[in-house]
Amino acid sequence: MKKLIHFSLLAVCCLGLFGCPYESHVPISKPSIPVDTRFIGQWSSKDEVYNTYTVTKASETEYKIIQKNISNTAKFKGFLTEIKGNMFMNLYSDSTKTYYLYRVKMDAEANKFLFTPLSPHLPDHFGSMDGLRTYVEKNMNLKSFYNENDQAEYQKVSDNPTALK
């Protein structure tokens with residue numbers, strides 16, 4: 001029964017993150033980019049009406065992300081990686097011990113961003129950050145590298161991360 005509950009929670013988290021993106025046991029890089037305060041606050045998406053997200057600063061280089069819906073709360077730590085001018089979010093789930101990887105594009109006004117998951121069908125899984133980063137750098141311009149059907153646009157609801165708690 002415990003395994004069924006754990007599996008159900010994992011399935012809900014994956015669906016909440018809009019279809020399971022590429023899962024990795026290593027991130028693209030170590031956290032090194034300072035927290036961009038434009039991400040701090042409450043976010044929602046028309047593509048994902050059942051979830052709201054609260055983003056706060058976890059450290060100088062990491063975000064704490066809380067995903068809430070009617071019945072569940074999921075917690076993640078995230079950080080940005082820059083590769084040739086493109087930003088990627090490395091989201092780590094304590095419950096699954098997995099990184100979920102996304103390309104991130106913030107709009108000029110900093111009130112919307114587009115989250116595009118890496119394809120879950122990438123042919124390789126990597127045991128090292130260097131191997132994964134090299135692969136991302138080599139393939140990031142290929143359309144097949146992303147799961148664009150599951151991309152979502154998020155709108156900032158509030159700059160105050162505690163506004164909707």
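**Exercise 1. Pairing of strands**

Which residue in strand 3 is the bridge partner of Gly41? Find this residue, then work out how strand 2 pairs with its neighbours.

*Solution.* A friendly reminder before you start: this is a predicted model.

Step 1. Look across from Gly41 to strand 3, and you meet its bridge partner, Val55.

Step 2. Now take in the whole pairing: strand 2, residues 41–44, runs antiparallel to strand 3, with four bridges between them.

Step 3. Strand 2 also pairs with strand 9, again in the antiparallel sense, over three bridges. Here Gln42 stands opposite Ser158 of strand 9.

**Exercise 2. The nonpolar core**

Describe the largest nonpolar core and say which strand gives it the largest share.

*Solution.*

Step 1. Begin with the members: the core has 22 residues, and those touching the most other members are Phe39, Tyr63, Met89, Leu91, Phe113 and Phe115.

Step 2. Next, trace the core back to its elements. Those giving two or more residues include strand 3 (52–57), strand 6 (86–93) and strand 8 (112–117). The largest share, four residues, belongs to strand 7.

Step 3. Do not stop there, since another core of 17 residues lies apart from this one, with Tyr22, Ile83, Tyr99 and Leu122 among its members.

**Exercise 3. An aromatic pair**

Classify the pair formed by Phe39 and Phe113, and decide whether Phe39 is buried or exposed.

*Solution.*

Step 1. The whole structure holds 13 aromatic pairs. In this one the ring centres are 5.4 Å apart, with 75 degrees between the planes. Planes over 60 degrees apart count as edge-to-face, and that is the class of this pair.

Step 2. Place the partners on the chain: Phe39 sits in the loop between strand 1 and strand 2, while Phe113 belongs to strand 8, 74 residues apart.

Step 3. Buried means under 20% relative accessible area. Phe39 has 7% relative accessibility, so Phe39 is buried. Phe113 has 9%, so Phe113 is buried too.

Step 4. Compare with Phe126 and Tyr135: their centres are 5.1 Å apart and their planes lie at 45 degrees, so this pair is tilted.

**Exercise 4. The largest cavity**

How many residues line the largest cavity, and which lie nearest its centre?

*Solution.*

Step 1. There are two cavities of 30 Å³ or more, and the largest encloses about 200 Å³.

Step 2. Its lining has 13 residues; Tyr53, Val55, Ile65, Phe113 and Phe115 lie nearest the centre.

Step 3. Sort the lining by type: 12 residues are nonpolar, none is polar and one is charged.

Methods:
Residues are numbered from 1 along each chain as its sequence is written. This is a predicted model: local features need pLDDT of at least 70, side-chain atom pairs count only at pLDDT 80 or more; totals for chains, interfaces and linings use all residues. Side-chain values use heavy atoms; hydrogens and water are left out. A nonpolar core is a set of buried Ala, Val, Leu, Ile, Met, Phe, Trp, Tyr and Cys residues joined through side-chain atoms within 4.5 Å. Buried means under 20% relative accessible area, exposed over 50%, partly exposed in between (1.4 Å probe, protein chains only). Two strands pair if DSSP finds at least two bridges between them. On a 1 Å grid over the protein atoms alone, a cavity is a set of points where a 1.4 Å probe fits but cannot get out, and a pocket is an open set with protein on both sides within 12 Å along at least five of seven lines; lining residues have an atom within 4 Å of a point. Grid points are joined across faces, edges and corners, and a volume is the space filled by probe spheres set on the points. Ala, Val, Leu, Ile, Met, Phe, Trp, Tyr, Cys and Pro count as nonpolar, Asp, Glu, Lys and Arg as charged, and the others, Gly among them, as polar. Rings of Phe, Tyr and Trp (its six-membered ring) pair if their centres lie within 6.5 Å; planes under 30 degrees apart count as stacked, over 60 as edge-to-face and the rest as tilted.
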